[in-house]
Amino acid sequence: MSACRFLAGFPHGERWSFSSAKPDGSRRPGHGLRSGVPQLPPAAEKARVEELRRAAKADLPDRIGRLSRITGLKYNKLTIRASRTKWGSCTGTNNISLSLFLMTLPEHLRDFVIVHELCHTVHHDHSPKFHALVDRLVGGNEKALNRELKAFSIRG
Ligand SMILES: [Zn+2]
């Protein structure tokens with residue numbers, strides 16, 4: 001496992017700050033990658049989704065490739081979907097799906113979702129071992145990042 005290389009791959013500072021949220025301890029972090037979806041009128045929504053799809057195709061393959069190299073976590077295949085209910089998912093055969101709505105998130109949360117899915121290539125569940133791996137790779141800030149992620153719904 002390559003926690004140090006992972007952290008070294010990110011500039012520390014505003015774009016990759018894991019320490020902004022205060023722990024409240026009131027809830028388990030849970031999955032943290034689901035979201036509700038406000039909708040625009042159909043034509044505007046369709047145009048917006050296509051714009052996000054173009055942006056996602058230009059960003060997410062390189063992003064997951066970089067994070068995979070940094071963490072040493074290998075995945076099989078990436079699919080970009082217009083998922084409105086999940087930011088990402090990983091199958092038992094390590095095929096990762098990412099929602100094009102990730103493009104509406106700040107980059108550090110986009111990276112966090114991808115790291116979460118990459119960790120599922122090792123632990124295909126949300127066991128304590130899984131969360132320990134995620135937490136290690138994000139500098140001990142998994143809970144804070146999950147809270148920050150939950151503040152975003154899938155929107156533009
Ligand atoms: Zn998960």
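Two strands pair if DSSP finds at least two bridges between them. In this predicted model, an open sheet of three strands is put together by such pairing, with the order 1-3-2 and a mixed sense. The edge strands are strand 1 (77-81) and strand 2, each of which pairs on one side only. From one strand to the next, the twist averages 15°.

## The chain as a whole

The protein chain has five helices and three strands. Along the sequence they follow the pattern α-α-β-β-β-α-α-α. Of the 156 residues in the protein chain, 31% count as buried. Among contacts between residues at least 6 apart in sequence, 65% join residues at least 24 apart.

## The sheet

Strands of a sheet pair through backbone hydrogen bonds, either parallel or antiparallel. Both senses occur here, as the pairing is mixed. Strand 1 and strand 3 pair in the parallel sense, over five bridges. Strand 2 and strand 3 run antiparallel and are joined by three bridges. The table gives residues that stand opposite each other or are bridge partners.

| Residue | Partner in strand 3 |
|---|---|
| Lysine 77 | Asparagine 95 |
| Leucine 78 | Isoleucine 96 |
| Serine 89 | Serine 97 |

Two helices pack on this sheet. Helix 2 touches strand 1 and strand 3, and its direction makes about 150° with that of strand 1. Helix 3 touches strand 2 and strand 3, and its direction makes about 15° with that of strand 2.

What lies between strand 2 and strand 3? The two strands form a hairpin with four residues between them. Asparagine 94 is found in this loop. The residue has a positive phi of about 65° although it is not a glycine. Is asparagine 94 buried, exposed or partly exposed? Asparagine 94 has 17 other C-beta atoms within 10 Å, so it counts as partly exposed.

## Helix 3 and its surroundings

Helix 3 (residues 107-119) has 13 residues. From its first C-alpha to its last, helix 3 reaches 18 Å, close to the 18 Å expected at 1.5 Å a residue. Helix 3 is mostly covered, with 10 of its 13 residues buried. Among the buried residues are Phe112, Val113, Ile114, Val115, Leu118 and Cys119, and also the residues Arg110, Asp111, His116 and Glu117.

Which elements do the buried residues of helix 3 pack against? They pack against helix 2 (42-71), strand 2 (88-90), strand 3 (95-99), helix 4 (128-137) and helix 5 (142-150). Leucine 118 can serve as an example from helix 3. Not counting residues up to four places away in sequence, leucine 118 touches Leu67, Ser68, Thr71, Leu73 and Tyr75.

## Leucine 102 and the nonpolar core

Leucine 102 is found in the loop between strand 3 and helix 3. Why does leucine 102 count as buried? There are 25 other C-beta atoms within 10 Å of leucine 102, and a residue is buried if 20 or more lie within that distance. Leaving aside neighbours within four places in sequence, leucine 102 is in contact with Ala56, Leu60, Trp87, Arg110 and Val113. Leucine 60 and leucine 102 are 42 residues apart along the chain, and their C-alpha atoms are separated by 8.7 Å.

Leucine 102 also belongs to the largest nonpolar core, which has 30 residues. The members that touch the most other members are Ala56, Leu100, Leu102, Ile114, Val115, Leu118 and Cys119. The elements that give two or more residues to this core are helix 2, strand 3, helix 3, helix 4 and helix 5.

## Helix 4

An α-helix has 3.6 residues a turn, so residues three or four places apart point the same way. Helix 4 can be read with this in mind. In helix 4, His131, Leu133, Val134 and Leu137 are buried. These residues are on the same side of helix 4 because they cover an arc of only 155° around the axis. What does the face turned away from the buried side carry? That face of helix 4 carries the exposed residues Pro128 and Lys129. Just after helix 4, glycine 139 takes a positive phi of about 65°.

Methods. Residues numbered from 1 in each chain as written. Predicted model: local features only at pLDDT ≥ 70, side-chain atom pairs only at ≥ 80, totals over all residues. Expected span 1.5 Å × (residues − 1). Buried ≥ 20, exposed ≤ 12 C-beta atoms within 10 Å, placed from the backbone. Contact = placed C-beta atoms within 7 Å. Core = buried A, V, L, I, M, F, W, Y, C linked by C-beta atoms within 7 Å. Arc of directions from axis to C-beta. Axes fitted to C-alpha atoms, helices over the stretch in contact; angles between N-to-C directions.
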